[in-house]
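Work through the exercises below with the sequence and the model side by side. Try each task before you read its solution.

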Amino acid sequence: MFPERGKAGNMNKVGRSEVRVDAYDKATGRTKYYEDRMPANALYVRIKHSTIAHGYVTSIDKSKAEAIPGVVKVLTCFDVPDLPFATAGHPWSLDPSHQDTQDRLLLNRHVRYWGDDVAVVIAENEVAANQGVRALKVEYEELPFVLDVQKAMEDGAPQLHDAFPNNILKHTTNIKGNYAEAIKEEGLVKVEGWYETPTVQHCHIENHGCYAYMENGRIVVVASTQIPHIIRRVVGQALGRPWGDIEIIKPYIGGGFGNKQDALYEPLCAWCTTQVGGRPVRIDCSREETFVSNRVRHNIRYHIVTWVRKSDGKIAARKVDVYSNQGAYASHGHSIAAKGLNAFPQHYPVPAYEGNAWTVYTNRPAAGAMRGYGMPQASFADDANIEDCAIAIGMDPMEFRNINIMPKGFTDAFSGNTNYYDTYRECMARGAELIDYERKRKEYGHDTGNIRRGIGLGTFWYNTAVYPISLETSSNRMQLNLDGTVTMQCGETEIGQGADTAYAQMTAEAIGLKSYRDVHVISCQDTDITPTGTGAYASRQTYVAGFSIRQTADLLKEKILKYAQDVTRQSPYCMDIVDGNIIRKEDQKVLMSLKELAMTAQYNTVHSEHITAESTYTIRNNAYSFGCTFVEVEVDIAMCKAQVTRILNVHDCGKLINPALAEAQVHGGQSMGIGFGLSEQLIFDEKTGKPLNNNLLDYKLSTFMDHPRLECDFIENPEPTSPFGTKSLGEPPTCSPAVAIRNAILHATGVAINHIPINPHVLFAELTKAGLIHDSWRDEEGK
Amino acid sequence: MSQYKVVHCNINGKDVERVVDVRASLTDMLRNEYHLTSVKKGCEVGECGACNVLINGEAFNSCIYLAVWAEGKTILTLEGLEGPNGELSDIQQAFIDETAIQCGFCTPGFIMTAAEILNAGKLYSDAELRKLLSGHLCRCTGYENIFRAVKKTMYKRLGKEIDFV
Amino acid sequence: MYDMKALYEAESVEHAIQLRLEHPEAQIIAGGSDVLVQMREGKRAGKELISIYMIDAMRGVSIDEEENIRIGSLTSFSHITHDPIIQKYINVLGEAVDQVGSPQIRNIGTIGGNTCNGVTSADSASTLHAWEAIVELTGKNGVRRLPIKDFYIKAGTVDIRVDEGEIQTAILIPKSSYENTFGHYIKYGMRNAMEIASLGCSVNVRLSEDKQTIDRCRIAYGVAGPVPMRCPSAEAVANGVMPTEAMIEEFSLAALKDINPRDSWRASKAFRQHIAVEMAKRALVESIHRAGGEIK
């Protein structure tokens, strides 16, 4: 059903819609997630969370909890080591100024959000643990709290962390040209707006959880995480133990989307086992805890001023202020706001740009990484404002983008990223053709009845991996098995996206195996065994693993051919591996199979060799990955409902390693984007700071009935820096749907809504403000 | 204090009995007593559908179903769809073929609801199918390929030509 | 594992009554989709439960000797929707409960549990109010019947006499209520499945024989006040009148006089009022169409 897309060069194991390597086990329910490996004797650790948004724990009465049968131990914020640690899933930096902010303790006396961790109850069973948590009596000294990012910056606002006056975790700028001068040009049209995106949560269906135990004096943690090697480091830092004392095992996980790109409860769990003599202990987050006490997406407010030249439709200058709501702890911190800040002048290059971004602590749950890493937020603000610019000068929004968007050949000075193709225009043109944009743009937008149709477009900027901001490295190990297959392992984790399958395809390709099925990818990472890799994030896995897979495969191949030289008396330079056989290149003669070679090498009584290869590749490239979303909507004015009737994403993520899996990635991103645009939002009680809808009933994740068919297409321009011509796709699909929905609603109704989600409450308010809804009885009430 | 009860039922075609703590949910019983790992916990309040199993042919969230209620019932979990030698049922194969599986955590629950839908032997409209599948949340797939897998299998079982995609 | 103190399993209605008299503090659990959730939250943690779920005699839909439609309290939503009697005489009830939560919830959730909760957002409640259902309670002194509007006392509280060992055993729809009557239910939610109603509106009409006038119109809302409620002002506008667009407009605005939605984080009062008017309109129009009438 998937067309054979253009294959990368003469490669034939990649570029094919192969079945996932883990599909059978997942279709039969035998795949083991952390809870399926749980030791039967694990003690239950349940966490007491603060019921105030800000203050100090003055005392905790443990007596009732300790008296409950089955309760083994109660540990509180008064017991934990005073070792502040950082949790972000970033590679460690040897440069102290580039290290993440260490503002966490295992349990907190100074509680900074409703849901902060103050104590744990360790018990022999779940019921006793829960009863113990309820029986703890915590006394607080309450402090005022602040939920709003700009209010938190004001003088006199409640202060969360002493080292950060006005709660400003970080402020950075991005200046290009001279904004003040540029806006003096005559005849410029000023388009100004405030745009805001909400706090949302990842909602992977498997909640985060982990268990820990001690073995031979070391701590083993089995965790639902995206980043086992980073977790090892953070656990070591949080507990003040040598990193070699820690072993992290990452089994299959039920989704992550960035939440599990953070040290969540692994450090606490590791510490708990040390407090009960190394007995196994488990922490299983409930859904309610996952919403509040894990990580969320940053709520970000943007102020954008764009100056547009009416004569040629070009942007003359742009000023962007970014206010990023960090919540109570730094986690990934300013990286998210900064990514967006620096993307603006690349996405739409302008002669003069003045950008400021502030990341600010507030008494909300800590914000961390989430699919798109700040770009769903920035793309919303950016392309909403761009849409407004086009409308302000009476130009079709796609035409306006074609004039202003990043041109072919553009190079970013900082990252060195180059736009090798005219990617944006190609994607927009393909999408416009597939969805019949131009006709619908003219036809829609004129409805006068209750149902109004509109079509909108959004584009996004993205890149691949984290170079040059952070270390970008990938290692892997390959082992030739005695049957001629290859076992491969690396630290870039499978989290549902299909990475293992892509690795199998790339490895088969690089070595010359017959099928990707001849590669056994060890999905489970164990930091004692797996070559160091930093994990799954930044849509990096396929791109960065590609380098080390190619390099390690070459090493393995070299060893194989060198051994084959002894057996076949042919020069390694005259041989190659094709379809699992060693061949002589000149005449394609099959000299021996890999199986024969492996058996010979292993069991040779004179020269036995177990053929393996391992290498690390330091990646010093990054790659742009762009695309767009087209959306059609129908707005039922009276019912205040906007329905997406069609959605189409077009991406250029280079060559597709596995087109079927690529499509599946796009679907998931579109779905998350639709939720972001229309329904999802974690809300807080203004009076108490308490989250109000931290469950899957009240938090409006899209259901099966909230989507139209999800459509996507690809432009496969090969990425020149990648050995496989590929680049990022995991996060990009979730960046542009929300703004495309916003722009389609604007087209349908004429109402520009600058804050999402555009749910019925928002539509009611905005349509009323615009005069499209008029409840006559309210006039009378007002009198 | 603890209260126990012997629960007799048929699980995946086999008559079984086990002493169960009356406080246990059916999820607890299936996972802990019978080691049926396809029964997943995603919310424990009947909102996500990951723990879904068929009881007397109907789909239930086993997290909010008391284990003692299983007395005398016929229960089918994903493990029960498989043949004796690991052969896959048509709907499991369709999930694989249509790339309807990503992280795999919602998959067992979805497949069991799909099994109930397909067992009805009816030809449902797209809207009806979406509604019938709406008791499961998935964050990976956007439901798109799951929809294709179920719809294709429905047409195949009814011997009809498919009219999409 | 639920934090429950004890579980008493009733094998029959009589047994349930006896258990209730013996354990007046215990909570009745039918399908459990609310009780177990609350127990897990801690609200009902450590409580005793009386399970009536296994009493199969309390399941099923029938027509009794007085020609009432009789719905056993343990009948699940999905069984109500698929029941031929429901489909023939009061299809709107089947449609309403087909919008509860999700398919799995509709398999476990019971109409008895839905009403005994006393919550205003129950999807069955507005339709049962609009069709003037009768609640049947069985206790140590026998059977007691009362109109559903009297069954609901206040938010979360219904008229069940625990000291008499009462449990709700059936919901009845009298013939005079369902005969020649057609209705429509609209649930307003923020998404299309797995949803709790922001507002529910159930309307039904009986037309005159020539289908020219509305002989009887009834409308009830859920979430328009602390308990489900009828709208006498709106009904007065429609009763005995020929359906016209102007009348429908007047009808929908009149409903506002009767309802009292509140401001909450789930929805503002102004928003609920706005959609209440629109829903009344749409539900009445659809009901008239279903009854074979036309809007002049």
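**Exercise 1. Two domains in chain C**

Task: find the domains of chain C and describe how they meet.

Solution.
Step 1. Chain C is assigned domain 1 (1–51 + 59–179) and domain 2 (184–290). Such bounds come from an automatic or database domain assignment. The model is a predicted one: local features need pLDDT of at least 70, side-chain atom pairs count only at pLDDT 80 or more, and totals for chains, interfaces and linings use all residues. Residues are numbered from 1 along each chain as its sequence is written, while chains are lettered from A and ligands numbered from 1 in the order in which they are written.

Step 2. Taken over C-alpha atoms, the centres of domain 1 and domain 2 of chain C are 24 Å apart.

Step 3. Count the contacts. In chain C, 21 residues of domain 1 are in contact with 24 residues of domain 2. Two residues are in contact if their C-beta atoms, placed from the backbone, lie within 7 Å.

Step 4. Look at the domain 1 side. Helix H5 (91–97), helix H8 (123–130) and strand E8 (152–154) of chain C each give two or more residues to the side that touches domain 2. Helices (H or I, at least four residues) and strands (E, at least two) are DSSP runs, numbered from the N terminus. H8(C) provides the largest share of this side, with six residues.

Step 5. Sort that side of domain 1 of chain C by class: eight residues are nonpolar, nine polar and four charged. Here Ala, Val, Leu, Ile, Met, Phe, Trp, Tyr, Cys and Pro count as nonpolar, Asp, Glu, Lys and Arg as charged, and the others, Gly among them, as polar.

**Exercise 2. One residue in chain C**

Task: place Ala291(C) and decide whether it is buried or exposed.

Solution.
Step 1. Ala291(C) lies in the segment after helix H13 (269–290) of chain C.

Step 2. Ala291(C) has 20 C-beta neighbours inside 10 Å, so it counts as buried. The cut-offs: buried means 20 or more other C-beta atoms within 10 Å of a residue's own, exposed means 12 or fewer, and partly exposed is in between, with C-beta atoms placed from the backbone.

Step 3. Leave out residues up to four places away in sequence, and Ala291(C) touches Phe182(C), Val205(C) and Leu207(C). Its C-alpha atom is 8.0 Å from that of Lys211(C), 80 residues apart along the chain.

**Exercise 3. Domains of chain A**

Task: repeat the domain analysis for chain A, then inspect Asp554(A).

Solution.
Step 1. Domain 1 of chain A is 23–31 + 473–618, and domain 2 is 411–466 + 622–769. Their C-alpha centres lie 38 Å apart.

Step 2. The contact takes 15 residues from domain 1 of chain A and 18 from domain 2. On the domain 1 side, helix H14 (499–511) and helix H15 (541–568) of chain A each give two or more residues. H15(A) gives the largest share, six residues.

Step 3. Asp554(A) sits in helix H15 of chain A. It is partly exposed, because 15 other C-beta atoms lie within 10 Å. Asp554(A) and Ala510(A) are 44 residues apart in sequence but 7.4 Å apart in space, C-alpha to C-alpha.

**Exercise 4. A sheet in chain A**

Task: give the strand order and name the edges.

Solution.
Step 1. The order is E4-E2-E6 (chain A), an open sheet of three strands with antiparallel pairing. Two strands pair if DSSP finds at least two bridges between them.

Step 2. Strand E4 (110–111) and strand E6 (137–142) of chain A are the edges, each pairing on one side only.

Step 3. Strand E2 (residues 55–61) of chain A and E6(A) run antiparallel and are joined by six bridges. Ile60(A) stands opposite Val138(A) in E6(A).

**Exercise 5. Chain B as a whole**

Task: what is the make-up of chain B, and how compact is it?

Solution.
Step 1. Chain B has five helices and five strands. Read from the N terminus, the elements run β-β-α-β-β-β-α-α-α-α.

Step 2. The radius of gyration of chain B, taken over C-alpha atoms, is 16 Å. The globule rule (2.2 Å times the number of residues to the power 0.38) gives 15 Å for 165 residues, close to that value, so chain B is as compact as a globular protein of that length.

Step 3. Of the 165 residues of chain B, 62% count as buried.
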